[in-house]
Amino acid sequence: MSVNNCYHCGADCGKKPIEFNNKYFCCNGCKTVYEILNTNELTCYYDLESSPGTIPSDIKGKYNYLENEEIIEKLLEFNDSETSVVEFYIPNIHCSSCIWVLENLSKLNKGVTISMVNFPKKLLRITFKNKRTNLKELVELITSIGYEPYISLEDADSKTNKVDKTLIYQVSIAAFAFGNIMLLSFPEYFEVDEFWLEKYKHLFRLLMFTMALPVVFYSAKDYFISAYKGLKHRMLNIDVPIALGISVLFIRSSIEIFLDIGSGFFDSLAGLVFFLLLGKFFQQKTYNFLSFERDYKSYFPIAVSLVLNDKETNIQVKDIKKGDRLLIRNEELIPVDGILINGNAAIDYSFVTGESVPVIKKSGEKLFAGGKQTAGAIEMEVISSIEQSYLTQLWSNDVFNKSNEKTIKNITDSISRFFTIAILLIAFFGGVFWYFYNVDMLFNVVTAVLIIACPCALALSAPFAFGNILRIFGYKKFYLKNSETIENISKIDTIIFDKTGTITSSDKTQLTYFGTELTDTEKSGLKSVLRASNHPLSRSLYEYLDVDSLNEKPSIFIEILGKGIEATINNDIFKIGASSFVEAKIVAVNETSIYIKINNDFKGYFLFKNSYREGTKEVFEKLGEHYNLVILSGDNDGEKEYLEELLPKNTRFQFNQKPEDKLEFIKKLQEKNNKVMMIGDGLNDAGALAQSNVGIAISEDVNVFSPACDAILDAKLFNKLPEFLTLSRKTISIIKASFVLSFCYNVVGLYFALTGMLTPVVAAILMPLSSITIVVFVTILTNWVSKKL
């Protein structure tokens, strides 16, 4: 490549080229892309064609079908005039380097805004700008750097991924070879001195060698690949000792056969790989079972309003069908794709695309699941039902992850790395000892040590314990975003409660009106305005008014969180909310109330007598034994005296708090190193839920789902909150106990291996058994401690 041409894109570098690594670049962007690929050893990208940085000729034209609008529409999950979202199944994702380069696609293509990898499912989710790039260019890009996506047009509607049966084939081949090599080894085991056996023993040995080849180079290839990738990135992962053990067995056995000094250990080799893969298969099946129950059986307790024959009923999202007509209120999440029927739609798609600028939609235009309505109530017709797992995926979006603290997971990874170093050192010094003491035992001892002390059991304890407890919580209607939430709950020392809609129950609230009597027309207009709001007090008042809503929708609807609503309907201007918001004199001092002003004429106010959730006193008493408790409410302090009698003496009270005040209050506690849990209704409390270490949204009969929260609790189970928190702490204790058990197992195993009392094949059987033991241990214990729920 000439100095005048950029090494990456081939463009003219100009008079001042940027030099890096003895190569020249036209700009820092091209240099950065080269650094990304070079760091991750993906510079084969530049060997694909003589003009590096361009799409290879064998790829050109392959994806022309991705210019077809009908095909594009089937593949895209989200698409408006500005932004699109697509998800691909990438079978070649296999290590941290793959994740790193795929999550930095924005540096390879400026049209990409976000790219995220779901490693367990091998999924790549890309958000991109339609004006800067397109689907075809993206597919060509990721294919050119070695990550060709699996695209099945037949499966486009169902988004079904291709089932990978590689592990089944690997286990089957290892089992076949193990059985047959054992049979061929019997004559030499018994040392029978017989003419025909002596005549054909070389053939038998050659057959054993032949059958061992697919075992080593196919069945065991993942161990070698993983070990190689780890060593390449200067990391000792848990597959390094396994790969060493298999290599030692194969090389030593091959040498014995070809030098005619013995029959080798091919039976032990095949048995080793077979039992390792069998344990891996069991682990995979068990974890997939737990994940399946988590994703598809633990439905979120969120609902949406179904409009049928001009009547509204609440149904669960999972029961939505194509053709249903839904009412989406202000600040409510759109759960399914649909067509806008009426209303002013300003959709915030930040939960999907990361951008918070509302997209204006007109009647007849398509609305996508995951958007949040921000301009009053709208009605939409469902065009496709939804798998609940879509909301799980949205909820688990890495964009909303908060904690960068060290977790059980990365502590486990760290222990595994140090453990691997220790294993290699023990094997080395054990080999040195046996070399001088009894060289015949050297091979068996070193191999047994490398296999028996594999830290697989240690690495499995946390994911299986967390997976099982997530499943149990789901059955009990306490829905956690991810396993890190359990660990974060165990560290909490301060719990903050919102009042309205959290510790109060909206279905038992008593309402009384004071002021000028409202006409039926005014009541209908008021109800039409309240219909668009999702605030707990608005919903209570909406249900209380015994008139029908107007057929007209508000032409203007502005809801200011923590203050009130201003709306225009039929040329009448409504202001509803706090006394300060409607500019009225405070009448109901220290009482929860909604003030009404119509056309600048103050009408009166509705007084709320809150009914507190069943078991509130007991819940606070139990929590007060372990946590600092705070009531952080936007309401006035009218019920402070009652709450002081109802709740423990150490409870702290803060009233008249705006949403931004709540967020700042939590920040100040965190600056003092407090670990804060916020429990709210998911609406006014969205910022506080996001800021807290753990945010829990209480769900009643409306859609309060917010990706910013870490957990959702069914309101009917509010009195179970102390038990849920206790169970989270016990789960961490179980994981630590499993660490101890795994450590003890390895100490005992190493003793027998170093003393020469353990053969490699027995070690191969015991190693996966130890992993299975850990799985059974954490599963039984988590099930046992959860029985009290």
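This report describes a four-stranded sheet, a buried helix, a pair of packed helices and the nonpolar cores of a predicted model.

## About the model

Because the model is predicted, local features need pLDDT of at least 70 and side-chain atom pairs count only at pLDDT 80 or more, while totals for chains, interfaces and linings use all residues. Residues are numbered from 1 along each chain as its sequence is written, and side-chain values use heavy atoms, with hydrogens and water left out.

## A sheet of four strands

Helices (H or I, at least four residues) and strands (E, at least two) are DSSP runs, numbered from the N terminus. Four of the strands form an open sheet in the order β3-β4-β6-β5, with antiparallel pairing, where two strands pair if DSSP finds at least two bridges between them. At the edges stand β3 (76-79) and β5 (112-118), each of which has a single partner strand, so one side of each is left without a neighbour in the sheet. From one strand to the next, the twist averages 10°.

Strand β3 is joined to β4 by a hairpin through three residues, and the two strands pair in the antiparallel sense over three bridges. Within this pairing, Phe 78 has Val 85 of β4 as its bridge partner. Val 85 also has a bridge partner in β6, namely Thr 127, and seven bridges join β4 (residues 83-89) to the antiparallel strand β6 (residues 123-129). Six of the seven residues of β4 are buried (under 20% relative accessible area, with a 1.4 Å probe and protein chains only), so β4 is largely enclosed by the rest of the structure.

## Helix α16 and its cover

Helix α16 (residues 520-530) is largely enclosed by the rest of the structure, because eight of its 11 residues are buried. Among these buried residues are Glu 522, Gly 525, Lys 527 and Leu 530. What covers them includes the helix α17 (536-544) and the strands β19 (556-560) and β23 (601-609).

Ser 524 is placed in α16 and counts as buried, at 11% relative accessibility. Leaving aside neighbours within four places in sequence, Ser 524 is in contact (heavy atoms within 4.5 Å) with Val 547, Asp 548, Ser 549 and Leu 550.

## Two packed helices

Two packed helices are described by the angle between their axes and the distance between the axes. Helix α19 (residues 616-624) and helix α23 (residues 721-754) pack at an angle of about 30°, with axes 9 Å apart; they are therefore roughly parallel to each other (angles under 35 degrees). The contact is made by Val 619, Lys 622 and Leu 623 of α19, together with Leu 721, Pro 722, Glu 723 and Leu 725 of α23.

## The nonpolar cores

A nonpolar core is a set of buried Ala, Val, Leu, Ile, Met, Phe, Trp, Tyr and Cys residues joined through side-chain atoms within 4.5 Å. The largest has 48 residues, and those with the most contacts inside it include Phe 478, Ile 495 and Leu 623. Not counting residues up to four places away in sequence, Ile 495 touches residues including Leu 623, Met 677 and Leu 725. Apart from this core lies another, of 30 residues, among them Met 211, Tyr 223, Ile 246 and Ala 270.

Terms used
Buried means under 20% relative accessible area, exposed over 50%, partly exposed in between (1.4 Å probe, protein chains only). Axes are lines fitted to C-alpha atoms, for helices over the stretch in contact, and angles run from 0 to 180 degrees between N-to-C directions. Angles under 35 degrees count as roughly parallel, over 145 as roughly antiparallel, 65 to 115 as roughly perpendicular and the rest as oblique.
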